[in-house]
Amino acid sequence: MTEPSRIAHTQLPEEPAASCANCAACCCQLEVMLISDTGVPQRFIGTDAWGGEVMRRLDDGWCAALDRDSMRCTIYEQRPLICREFEMGSAECLDERRGMSAIYR
Ligand code: SF4
Ligand code: SF4
């Protein structure tokens, strides 16, 4: 019987570094208020309970501007300020990623 291969602890696979490239757009289920005009097409704009403008979300919670095949933003150049400021790798980003992985487990 061959001896099991020994892998140094530091070589064990770890959780990949947070990157939008390896993420299922976890943050695109959050409510996004429109606080400035960045050119978001009207068809993607809804209103919240207080009458404020927000990104419209579909019944399952995803932003209406998200391409569901590629999980990429279809209005990247016109995306709201809040989306621009949501920082990849930030505490909020990591929270969203953890929340999604809990759902899929
Ligand atoms: S910012 Fe974070 S949560 Fe949002 S898509 Fe990128 S990696 Fe995922
Ligand atoms: S506008 Fe784009 S980046 Fe912002 S939540 Fe929607 S799909 Fe995500």
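Me: Where is the place of Met71 in the fold?
Reply: Met71 is found in the loop between E3 and strand E4 (72-73). Keep in mind that this is a predicted model.

Me: What is unusual about the backbone of Met71?
Reply: Look at its phi. Met71 has a positive phi of about 55°, although Met71 is not a glycine.

Me: Which other residue, not a glycine, has a positive phi?
Reply: Ala25 does, with a phi of about 50°. Ala25 belongs to the segment before E1.

Me: Is Ala25 buried or exposed?
Reply: Start with the cut-off: buried means under 20% relative accessible area. Ala25 has 9%, so Ala25 is buried. Ala25 is also among the residues that surround ligand 1.

Me: Which residues surround ligand 1?
Reply: From the earlier part of the chain numbering, take Ser19, Cys20, Cys23, Ala25, Cys26 and Cys27, which are among them. The list also includes Phe86, Met88, Cys93 and Arg97.

Me: How many nonpolar, polar and charged residues are in that shell around ligand 1?
Reply: Sort the shell by class. Around ligand 1 there are eight nonpolar residues, one polar and one charged.

Me: And what is the shell of ligand 2, residue by residue?
Reply: Ligand 2 has Cys28, Met55, Cys63, Ala65, Leu66, Cys73, Ile75, Pro80 and Cys83 around it. By class, the shell of ligand 2 has nine nonpolar residues, with no polar and no charged ones.

Me: Where does ligand 1 sit?
Reply: To place a ligand, ask which pocket holds its atoms. Ligand 1 sits in the largest pocket. The space taken by ligand 2 is the largest pocket too.

Me: Next, salt bridges. How many does the count come to?
Reply: The cut-off is a side-chain nitrogen of Lys or Arg within 4 Å of a carboxyl oxygen of Asp or Glu. By that rule the count comes to three.

Me: What does Glu31 form a salt bridge with?
Reply: Its partner is Arg57, and the closest N and O atoms of the pair are 3.8 Å apart. Glu31 lies in the segment before strand E1 (45-47), and Arg57 in the loop between E2 and strand E3 (66-67), so the pair ties together parts that are 26 residues apart in sequence.

Me: How do Glu31 and Arg57 count for accessibility?
Reply: Read the percentages. Glu31, at 45% relative accessibility, is partly exposed. Arg57 is at 34% and is also partly exposed.

Me: Which residue does Arg68 pair with?
Reply: Arg68 forms a salt bridge with Asp60, and their closest N and O atoms are 2.7 Å apart. Arg68 is partly exposed at 37% relative accessibility. Asp60 counts as partly exposed at 44%.

Me: What separates Arg98 and Asp95 along helix H2?
Reply: Count along the helix. Arg98 and Asp95 are three residues apart in H2, so about one helical turn separates them. They form a salt bridge, with the closest N and O atoms 3.3 Å apart. Arg98 is partly exposed, with a relative accessible area of 47%. Asp95, at 48% relative accessibility, is partly exposed as well.

Me: Where is confidence lowest, and where is it highest?
Reply: Compare mean values by element. Confidence is lowest in helix H2 (residues 91-104), at a mean of 82. It is highest in strand E2 (residues 53-55), at 98.

Me: And what pLDDT does the protein average?
Reply: The average is 86. Of the residues, 80% score at least 70.

Note on methods. Residues numbered from 1 in each chain as written. Chains lettered and ligands numbered in written order. Heavy atoms only, no water. Near = heavy atom within 4 Å. 1 Å grid on protein atoms, 1.4 Å probe; cavity = no way out; pocket = protein on both sides within 12 Å on 5 of 7 lines; lining within 4 Å. Sits in = over half its atoms within 2 Å of the grid points. Nonpolar A, V, L, I, M, F, W, Y, C, P; charged D, E, K, R; others polar. pLDDT = per-residue confidence, 0-100. Helix = DSSP H or I, 4+ residues; strand = E, 2+ residues; numbered from the N terminus. Buried < 20%, exposed > 50% of the residue type's maximum accessible area, 1.4 Å probe, protein only.
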